[in-house]
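Visitor: Take me in for a close look at the charged side-chain pairs here, please. Skip the grand tour and just walk me through who pairs with whom and how well hidden the partners are.

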Amino acid sequence: MTPPIDADAAAGTADVIDTAAGLAPGGTLPAARRFRTTVVAATQASHDALLYETVPGLSTADRLRVAVHCCEAAQAPRLAAHYRVLLGQQPAGEASSPALPAMLTWAGLLTTDPRRGDREALQALQAAGLPDPAIVALAQMVAFLSYQTRVVAGLVAMEAALVTPVPPSPGSTDAGTPASAPAGASAKSASSGPVPAIRLNGFTNETLGWRSWLAPLDVAQASALQQAVLNESHPQARTSAYYLTLIHQPLMLRHRSAAYNAIMYATGGAPRAERELAAMVVSVTNGCVYCTSVHAQRFAQLARRHDTVEQVFRNPATAGVDERERAIAAFAQAVTLRPHALAAADVLPLRQLGMGAEQILDVLHAAAIFGWANRLMHNLGEPESPSDAA
């Protein structure tokens, strides 16, 4: 059996995303990726922990079978081949779990349309004999694969866009001049008053709670590692049903949090409001009401306006108050709905607006990480209003 790895040292292992995207060392995109070194390291560490950390009831071989299945469903042949090779390195004759058919069904559902992953779908895993901590590990695996396939697909499209001539944007004097200011920078649309409550198409910008469909960990029963990860997580982690559910697999939570924080909060690159716009578009597209509410609020705080929020709620495909916002929203939705078909044409509108590789990669990462976040929030539990929780 493959021994457990030290996931904290995973940044020193071969980088799967560089390899799967076919990035040549020393090129523009590997350098752009290393602008966010924490994202690169945490992504690889997540890959390794999700495969090789010990999870009772969920073998490495079954995780690899799920990974191959998800990548095939996502039409990501390079990554499917990667996981197929790793599966071939597992001990011969190791039987799969009786729960594997249920695992594959659930994983395929979340891969192709996370909007359909409801409580009944989760209960099918429990009925198949999978314990809650193993379900958390499986969910993290499937959600990570949604992120990984999208980052690889986006990088391949970016590589193609780098060698494609960039026609001038209709709103620019040349390809290097943005047609509009970054989101949140336009004084004419700034709002100094209180943000109104928006409720459209089942989405809201109001504060929501979240309840888990699994059994959250009792903090009194937490291991030393679980205690440490809770301490380094969100300030309310010890009272949050979300964190107390994910902490069943602490290293997976640790590395996911590191990637998420670096993608959404690090300085430089794309303005944070643009990353929040991508997060909001993806969350609406995936039907994740809770994530939408959080990132609608954050976008409004950063951009100091809420007009784009209402537009995203109405139709993310056409949202945006200017050319730059519309290009970011369109790219985020393409990453979400058709990663297998991403092409240079999806990237060129961003380049036309003067966005460089590091900024485009920030938007790609934000869109991809919310494929991961939505598949946890929307598929392991449900939002609740403060009155519901009372």
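Guide: Let's start with Glu382, which is partly exposed at a relative accessible area of 25%; on this scale buried means under 20%, exposed means over 50%, and partly exposed falls in between, using a 1.4 Å probe and protein chains only. Before going on, a word on the ground rules: this is a predicted model, where local features need pLDDT of at least 70, side-chain atom pairs count only at pLDDT 80 or more, and totals for chains, interfaces and linings use all residues. Residues are numbered from 1 along each chain as its sequence is written, and side-chain values use heavy atoms, with hydrogens and water left out.

Back to Glu382: its salt-bridge partner is Arg211, with 3.1 Å between the closest N and O atoms. Since Arg211 sits in strand β3 (residues 209–212) and Glu382 in strand β4 (residues 381–384), the pair ties together parts 171 residues apart in sequence. Arg211 is partly exposed too, at 29%. A salt bridge here is a side-chain nitrogen of Lys or Arg within 4 Å of a carboxyl oxygen of Asp or Glu, while helices (H or I, at least four residues) and strands (E, at least two) are DSSP runs numbered from the N terminus. By that salt-bridge rule, the count comes to 16.

Next up is Glu325, bridged to Arg305 with the closest N and O atoms 2.3 Å apart. This one also links distant parts of the chain: Glu325 belongs to helix α15 (residues 323–337), and Arg305 to the loop between α13 (289–303) and α14 (307–314), 20 residues apart. Both Glu325 and Arg305 are buried.

Now for a cluster: Asp15, Asp18, Arg33 and Arg34 are joined into one network by salt bridges that share partners. Within that group, Arg34 meets Asp18 side chain to side chain at 2.8 Å, N to O. Arg34 is in the loop between α2 (28–33) and α3 (37–52), Asp18 is in helix α1 (residues 16–21), and 16 residues separate these distant parts of the chain. The two partners fall in separate classes, with Arg34 partly exposed at 34% and Asp18 buried at 13%.

As for why such partners meet at all, side chains of opposite charge can pair when their charged atoms come close.
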